[in-house]
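Student: Hi, could you walk me through this protein? I'd like to ask things as they come up.

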Amino acid sequence: MSGVPRETFEFTKHIPFSEHLGIKVDSLEKGVARLSMAIRPEFMTSWGTAHGGSILALLDITLSMTARTLYDPPRSIMTIDLNTQFIGTTSGILRCEGRVMKAGQTTIFCEGEARDEKGELVAKAIGTFRARNPKT
């Protein structure tokens, strides 16, 4: 688990939207998260490829999970800003990797990529996130 609390691995199960999308946590370590999602028919465009919104959702959840890996106990993470460049598209399994670029006390800067099953780049993102104390 590379120093990441077990609670963090389970966190996506407490996010109804993440559960709805079927997002899976593939691996976590401090400052790095790898998540994946199967592109189901309801996540596709009329062309039969991943809709940009589904790609963006996986990137957002991956980068916020990346920020979450920094905290023990886990903290809530809010997206402040997310910039995405769509480079290609895919169907099948979409895999994302996020990395922390810099972290302050409550503000975390992350970057990441989404790739298809062949490893081809589908989208890139950079985001700013805010860490909040867990609900009490």
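Tutor: Happy to, and we'll go through your questions one by one. Keep in mind that this is a predicted model.

Student: Okay, salt bridges to begin with. How many turn up in the whole structure?

Tutor: Searching the whole structure gives 8 salt bridges.

Student: Which residue does Arg34 meet in a salt bridge?

Tutor: The side chain of Arg34 meets that of Glu97, with 2.9 Å from N to O. Arg34 sits in strand β2 (residues 32–39) and Glu97 in strand β4 (residues 92–103), so this pair ties together parts that are 63 residues apart in sequence.

Student: Are those two buried or exposed?

Tutor: Each one counts as partly exposed: Arg34 has a relative accessibility of 28%, and Glu97 has 25%.

Student: And what does Glu111 pair up with in a salt bridge?

Tutor: Its partner is Arg99, and the N to O distance is 3.5 Å. Glu111 belongs to strand β5 (residues 107–115) and Arg99 to strand β4, so the bridge ties together parts 12 residues apart in sequence. Glu111 is partly exposed at 30% relative accessible area, and Arg99 is partly exposed at 21%.

Student: Where does Lys124 come in? What does its side chain meet?

Tutor: Lys124 forms a salt bridge with Glu113, at 3.7 Å from N to O. Here Lys124 is in strand β6 and Glu113 in strand β5, so the pair ties together parts that are 11 residues apart in sequence.

Student: Is Glu113 buried or exposed?

Tutor: Glu113 counts as buried because its relative accessible area is 13%, and the cut-off for buried is under 20%. Its partner Lys124 is partly exposed, at 33%.

Student: Which residues are linked in a network of salt bridges?

Tutor: The network links Glu29, Arg34, Glu97, Arg99, Glu111, Glu113 and Lys124. The three pairs we just discussed are among them.

Student: Switching topic! What's helix α3 like?

Tutor: Helix α3 covers residues 52–68, which makes 17 residues. From its first C-alpha to its last, the helix reaches 24 Å, close to the 24 Å expected at 1.5 Å a residue.

Student: How many of its residues are buried?

Tutor: In α3, 13 of the 17 residues are buried, and the helix is mostly covered. Take Ile61, which lies in this helix: with a relative accessibility of 9%, Ile61 counts as buried.

Student: How far is Ile61 from Gly112?

Tutor: Their C-alpha atoms are 11 Å apart in space, while in sequence Ile61 and Gly112 are 51 residues apart.

Student: What about Phe43, where does that one lie?

Tutor: Phe43 is in the loop between β2 and α3. Despite the loop setting, Phe43 is buried, with a relative accessible area of 7%. Its C-alpha is 11 Å from that of Leu94, a residue 51 positions apart from Phe43 along the chain.

Student: And how far apart are Phe43 and Asp26?

Tutor: Asp26 and Phe43 are 17 residues apart in sequence, and their C-alpha atoms are 20 Å apart in space. Asp26 belongs to strand β1 (residues 24–29) and is partly exposed at 42% relative accessibility.

Student: Back to the surface. Which residues make the nonpolar patch?

Tutor: Met101, Phe109 and Ile126 make a nonpolar surface patch of about 250 Å². Of these, Ile126 is in strand β6 (residues 121–132) and is partly exposed, with a relative accessible area of 37%.

Student: How many aromatic pairs does the search find?

Tutor: The search of the whole structure finds 0 aromatic pairs. There is still an aromatic ring to look at, though: Arg75 lies over the face of Tyr71, at 4.9 Å from the ring centre.

Student: Last one: which residues does the cis peptide bond join?

Tutor: The cis bond joins Asp72 and Pro73, with an omega of about 5°. Pro73 is in the loop between α3 and β3 (76–86). As background, most peptide bonds are trans.

Student: Thanks, I'll go and find that bond in the viewer!

Key
Residues are numbered from 1 along each chain as its sequence is written. This is a predicted model: local features need pLDDT of at least 70, side-chain atom pairs count only at pLDDT 80 or more; totals for chains, interfaces and linings use all residues. Side-chain values use heavy atoms; hydrogens and water are left out. Patches are made of residues with over 30% relative accessible area and no salt bridge: like charges are joined within 9 Å, nonpolar side chains (Val, Leu, Ile, Met, Phe, Trp, Tyr) within 5 Å. Accessible areas come from the Shrake-Rupley method with a 1.4 Å probe; for residues, only the protein chains shown count as cover. A salt bridge is a side-chain nitrogen of Lys or Arg within 4 Å of a carboxyl oxygen of Asp or Glu. Helices (H or I, at least four residues) and strands (E, at least two) are DSSP runs, numbered from the N terminus. Buried means under 20% relative accessible area, exposed over 50%, partly exposed in between (1.4 Å probe, protein chains only). The expected span of a helix is 1.5 Å times one less than its number of residues. Rings of Phe, Tyr and Trp (its six-membered ring) pair if their centres lie within 6.5 Å; planes under 30 degrees apart count as stacked, over 60 as edge-to-face and the rest as tilted. A charge sits over a ring if NZ of Lys or CZ of Arg is within 6 Å of the ring centre and within 35 degrees of the ring normal.
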